[in-house]
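Work through the exercises below with the sequence and the structure at hand. Each task is followed by a solution in steps.

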Amino acid sequence: MKNIYKPIKAVIENITEETPNIKTFHLKPAEPIEFRTGQFVELTVPGIGEAPFTPSSDPFVKDKMEITIMNVGRVTTILHNMKPGDTVGIRGPYGKGYPVDDFLGKELVIVGGGVGLAPLRSLLLHLFNDMDKYKRVSLYYGSRSPKDMVYKRLLPQWEKRKNFSLTTTVDVGDGTWTGKVGLVTTILKDFKVEKNEAKAIVCGPPIMMKFTTFKLIDEGFKPENLYLSMEKNMSCGLGKCGHCRLGKYYICKDGPVFTFEQIKDLHDIWD
Amino acid sequence: MQQNFYLKRDQLSSVLSEISKSHALFCPQKKDDDYVYLPWAQIQSEEAIYNEYRGVEPIKSFLTHSKEIVNEYFNSPDAPAEAKPLAVFGVKNCDLSSLTLQDYVFEQGVEVDPIYKKRRENLLIISSDCTGFKPTCFCLAVGNKPYPEKNFDINLSPINNGFVVEVGSSKGETLIRKLNQYFTAATTGQIAGSKIKRDNIVNDLNRHLATVNIPPANALQKNIQEGYDSNVWKEQMLTCVECGACNFICPSCHCFLLADEEKQGRSERIRVWDSCLYANYSKVAGGANPLNTRAKRLRNRFVKKFDFFPDNLGQFGCTGCGRCIEACPAKIDIREVLKSLAKK
């Protein structure tokens, strides 16, 4: 019988600095790990502990995995001090991921906040695999400041994709920033999509998710077409340890992606 | 196989002694007003004791441990080590009901917990009818009977000079076959006698519960839902010292924490029982803590038991054993919380 608490060994092959406190770890697992975009894994530092992350890499690539991590806590601080060649562990993948079949033939509005662009990158790489399957993909990305934007090196490549548009904004600009300034909700307007048909996919910090949801509903998007990445302290990933309960759901096994329709009547969803 | 047998009272110790040859057997032993579980080897000099009501320890403590190693990292074997089968005598229905919940958590869902499954398969449950109750018992108020209905291997229902023995599983059937010299077919009179005793204990407990006045079982979920913003959570939480005793002693509570430890250069992953009353229960990296007050944490406990589990499993996450009432140093009483919510 499988030991569900045992991680697969993985070696850090490379580390990319995205921002002063966000790094992307390029991992080579000892055996291929299949995941669906939007599913998450528990990344382990042996002897220290584990933490949940959604891979930011292409779900069609199974022998490698990239995970973009912000330095915010005990495990992530140690991860940020690790070097290429160091060993970590991966458990998972867990959860249901994005219901990508529901996106076929649709106009997709994707909204990312800060490091929340990481899971969305994996979704974009899934979509980029065959953009003819979708009517149009519009990415809206907001970050605190220009230096807090992740994947700056990748954004120009993404913009070249057909049926794709990118709009970025920062909360606060700096001397070099010539783009839009303001919270991500300020760029969520003048949509050229059929709003009661389009799918909106949102990932970011809770406060951003909350106001983005309200804004999109105001704009005419339907609750059942709004896909939100919910987060709590997922520990086991299997719906057993009890920590990530959200109403009648466990985020780890019933999510982490929920439609707003599924959760809008539950208590304290933005806490 | 016929499902009801008769065992003479003075043969009980012999049967348990036989079971102890192939199982690590735990039996209840009277201590003040309580029954505590001890290994058979420590009590076999005396006669086996038939406990009137549930023991101190919940059945879950035989299936998950308060702290245990679940993984020794990349070299860890996949399957858990073989262990001597375990037998527990005198398990009551409040604990048997909780097994449905523990099984749901650990054996069903996206993956099976191999450690639990192994112990569960290895566990022989010799249950018995309640012949008395503690003042804190309230199983009938949450829809449970004071006698076993399922989740046992064999069950003992006492009659005058012995027990009507019911077989509840193939494991129980094998046991009866193996020890057939002790068992005879139960007569209809004996079976009828055990039923009368069951009716009597139900009546006695109902009379007691009438003085406690817990809201009806079919109103509990609705009361919790409607009382979400009630002051009851704050009022009832004033004395909580966040010790977690209510969780650890609860046969239904199943939450655990995974943590890593390093010992002499070896990394181990441990699993420890967790308490939703602890301040950091819901805290995430970065500092956010959805359950950041004791009132929210108490509410979370009740929502989980009386709203989440009815929705997901069709039964309460409370079997009415009353252990949390006795364990709480702050005198927070689950029955009083349910009553206060109904009043508001």
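**Exercise 1. The second largest pocket**

How many residues line the second largest pocket, and which of them lie nearest its centre?

Solution. The model is a predicted one.
- Step 1: the lining of this pocket is made of 40 residues.
- Step 2: nearest the centre lie Arg245(A), Leu246(A), Gly247(A), Asn300(B) and Val303(B).
- Step 3: strand S13 (245–246) of chain A, and helix H7 (217–226) and H10 of chain B, are the elements that give two or more residues to the lining.
- Step 4: H10(B) supplies the largest share, 11 residues.
- Step 5: sorted by class, the lining holds 14 nonpolar, 12 polar and 14 charged residues.
- Step 6: the volume of the pocket is about 680 Å³.

**Exercise 2. The interface**

State how many residues of chain A and of chain B are in contact, and how much area the two chains bury.

Solution.
- Step 1: the contact involves 39 residues of chain A and 46 residues of chain B.
- Step 2: interface size is often expressed as the accessible area lost when the parts come together.
- Step 3: for chain A and chain B this area is about 3,600 Å², with 57% of it on carbon and sulfur atoms.
- Step 4: on the chain A side, Met1(A), Tyr5(A) and Lys240(A) lose the most area to chain B, and together they account for 22% of what that side buries.

**Exercise 3. The cavities**

Find the cavities of 30 Å³ or more in the whole structure, then describe the largest and the second largest by volume and lining.

Solution.
- Step 1: the search returns 5 cavities of 30 Å³ or more.
- Step 2: the largest cavity has a volume of about 210 Å³ and a lining of 19 residues.
- Step 3: Cys246(B), Leu298(B), Arg301(B), Cys328(B) and Ile332(B) lie nearest the centre of the largest cavity.
- Step 4: helix H9 (245–248) and helix H10 (294–313) of chain B each give at least two residues to this lining, and H10(B) gives the most, with 3 residues.
- Step 5: the lining of the largest cavity has 15 nonpolar residues, 1 polar and 3 charged.
- Step 6: the second largest cavity holds about 110 Å³ and is lined by 15 residues.
- Step 7: nearest the centre of the second largest cavity are Cys94(B), Cys130(B), Cys137(B), Cys139(B) and Pro146(B).
- Step 8: by class, the lining of the second largest cavity comprises 9 nonpolar, 3 polar and 3 charged residues.

**Exercise 4. Arg335(B)**

Is Arg335(B) buried or exposed?

Solution.
- Step 1: Arg335(B) sits in helix H12 (residues 334–343) of chain B.
- Step 2: Arg335(B) is buried because its relative accessible area is 10%, and the cut-off for buried is under 20%.
- Step 3: the side chain of Arg335(B) makes a polar contact of 2.8 Å with the side chain of Asp333(B).
- Step 4: leaving out residues up to four places away in sequence, Arg335(B) touches Pro135(B), Thr136(B), Phe138(B), Val212(B), Ile214(B) and Ile325(B).

**Exercise 5. Ser165(A)**

Place Ser165(A) in its strand and explain why Ser165(A) counts as partly exposed.

Solution.
- Step 1: Ser165(A) belongs to strand S9 (residues 164–170) of chain A.
- Step 2: Ser165(A) has a relative accessibility of 23% and therefore counts as partly exposed.
- Step 3: between Ser165(A) and Ser138(A) there are 4.8 Å in space, C-alpha to C-alpha, although the two are 27 residues apart in sequence.
- Step 4: beyond residues up to four places away in sequence, Ser165(A) touches Arg136(A), Val137(A), Ser138(A) and Leu139(A).

Technical notes:
Residues are numbered from 1 along each chain as its sequence is written. Chains are lettered from A and ligands numbered from 1 in the order in which they are written. This is a predicted model: local features need pLDDT of at least 70, side-chain atom pairs count only at pLDDT 80 or more; totals for chains, interfaces and linings use all residues. Side-chain values use heavy atoms; hydrogens and water are left out. Helices (H or I, at least four residues) and strands (E, at least two) are DSSP runs, numbered from the N terminus. Buried means under 20% relative accessible area, exposed over 50%, partly exposed in between (1.4 Å probe, protein chains only). A polar contact is a pair of N or O atoms within 3.5 Å; within protein, one must be able to donate a hydrogen and the other to accept it, and residues adjacent in sequence count only if both atoms are side-chain atoms. Contact means heavy atoms within 4.5 Å. On a 1 Å grid over the protein atoms alone, a cavity is a set of points where a 1.4 Å probe fits but cannot get out, and a pocket is an open set with protein on both sides within 12 Å along at least five of seven lines; lining residues have an atom within 4 Å of a point. Grid points are joined across faces, edges and corners, and a volume is the space filled by probe spheres set on the points. Ala, Val, Leu, Ile, Met, Phe, Trp, Tyr, Cys and Pro count as nonpolar, Asp, Glu, Lys and Arg as charged, and the others, Gly among them, as polar. Buried area is the accessible area (1.4 Å probe) that two parts lose on being put together, summed over both.
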